[in-house]
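Trainee: I've got a new structure open and I'd like to practise reading it. Can we go through it together?

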Amino acid sequence: MTFLYLNGFRTGVISNISFAGKVVENRINELIPTNHFEFVIASSEYLYRKPNRRIFELALEKAELSASEVWYIGDQYECDIVGARNAGLFPVWYIGAADMRLPEDNDLYRFSVEYQGSVWKGTCQGTR
C-alpha cells in the first residue's frame, strides 16, 4: 500500500458487506494502518451491490475519474471482475495463494508476482 501511495496511485475500497462503511473502514485501518484509501464504499449503505455497475460508478464519482482511468482489483470473479468490466474499468483478478481456474470464456490477463531478492518481479500473460 505504501508503494502505491508513494508512486502516486490513488486507492479506494468497494465492499459487499452488511456492516456500515465506518465499521469496514475501522477494520481496514486496524489491519493496514498505513493504507491511504480515499474512500470506503460499503454496499450496505447503498441500493446496489457488486456486480451492479452502479456501485462502481459511485466509486468513479467519488474519485472524480472516468472508468478508462481505473484498474479495479478484486478476488471474486463474478462480483469484482465481471462487475468492473461491465462498468468499463480494467479488471485485475487477485487470486492470492489459491489455485483457482479461470472460466472458459475469459479474456483476462493473468499477472504473476513474486519476490526475488529485494524486488518484486511481475509477469503478465493474456489473451486480450
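Mentor: Sure, and keep in mind that this is a predicted model. Let's begin at the end of a helix.

Trainee: Okay, which residue just after α3 takes a positive phi?

Mentor: Look at the residue that follows helix α3, which covers residues 53–63. The phi there is about 55 degrees. The residue with that positive phi is E64.

Trainee: And at the start of α3, which backbone nitrogen does a side-chain oxygen of N52 reach?

Mentor: Go to the other end of the helix and find the side chain of N52. One of its oxygens comes to within 2.8 Å of a backbone nitrogen. That nitrogen belongs to R54.

Trainee: What do the buried residues of α3 pack against?

Mentor: Start with the residues themselves: I55, F56, L58, A59, L60 and A63 are the buried ones in this helix. Buried here means under 20% relative accessible area. Their packing partners include one helix, α4 (77–86). The full list is α4 plus the strands β1 (11–15), β2 (37–42) and β3 (71–74).

Trainee: Now the rings. How many aromatic pairs are there?

Mentor: Rings of Phe, Tyr and Trp pair if their centres lie within 6.5 Å. Counting by that rule, the number of aromatic pairs is 3.

Trainee: How is the pair of W71 and F90 arranged: stacked, edge-to-face or tilted?

Mentor: A ring pair is described by the distance of the centres and the angle of the planes. For W71 and F90 the centres are 4.5 Å apart and the planes make 35 degrees. Under 30 degrees would count as stacked and over 60 as edge-to-face, so the W71 and F90 pair is tilted.

Trainee: How many residues apart in sequence are the parts tied together by that pair?

Mentor: W71 sits in strand β3, while F90 sits in strand β4 (residues 90–93). Because the two rings lie in those two strands, their pair links parts of the chain separated in sequence by 19 residues.

Trainee: Is W71 buried or exposed?

Mentor: Its partner F90 is partly exposed, at 21% relative accessible area. W71 has 54% relative accessibility, and the cut-off for exposed is over 50%. So W71 counts as exposed.

Trainee: Y77 and W93 pair up too. Which elements do they lie in?

Mentor: Their rings are 5.2 Å centre to centre with 55 degrees between the planes, which is again tilted. Both residues are buried. Y77 lies in helix α4 and W93 in strand β4.

Notes: Residues are numbered from 1 along each chain as its sequence is written. This is a predicted model: local features need pLDDT of at least 70, side-chain atom pairs count only at pLDDT 80 or more; totals for chains, interfaces and linings use all residues. Side-chain values use heavy atoms; hydrogens and water are left out. Buried means under 20% relative accessible area, exposed over 50%, partly exposed in between (1.4 Å probe, protein chains only). Helices (H or I, at least four residues) and strands (E, at least two) are DSSP runs, numbered from the N terminus. Contact means heavy atoms within 4.5 Å. A polar contact is a pair of N or O atoms within 3.5 Å; within protein, one must be able to donate a hydrogen and the other to accept it, and residues adjacent in sequence count only if both atoms are side-chain atoms. Rings of Phe, Tyr and Trp (its six-membered ring) pair if their centres lie within 6.5 Å; planes under 30 degrees apart count as stacked, over 60 as edge-to-face and the rest as tilted.
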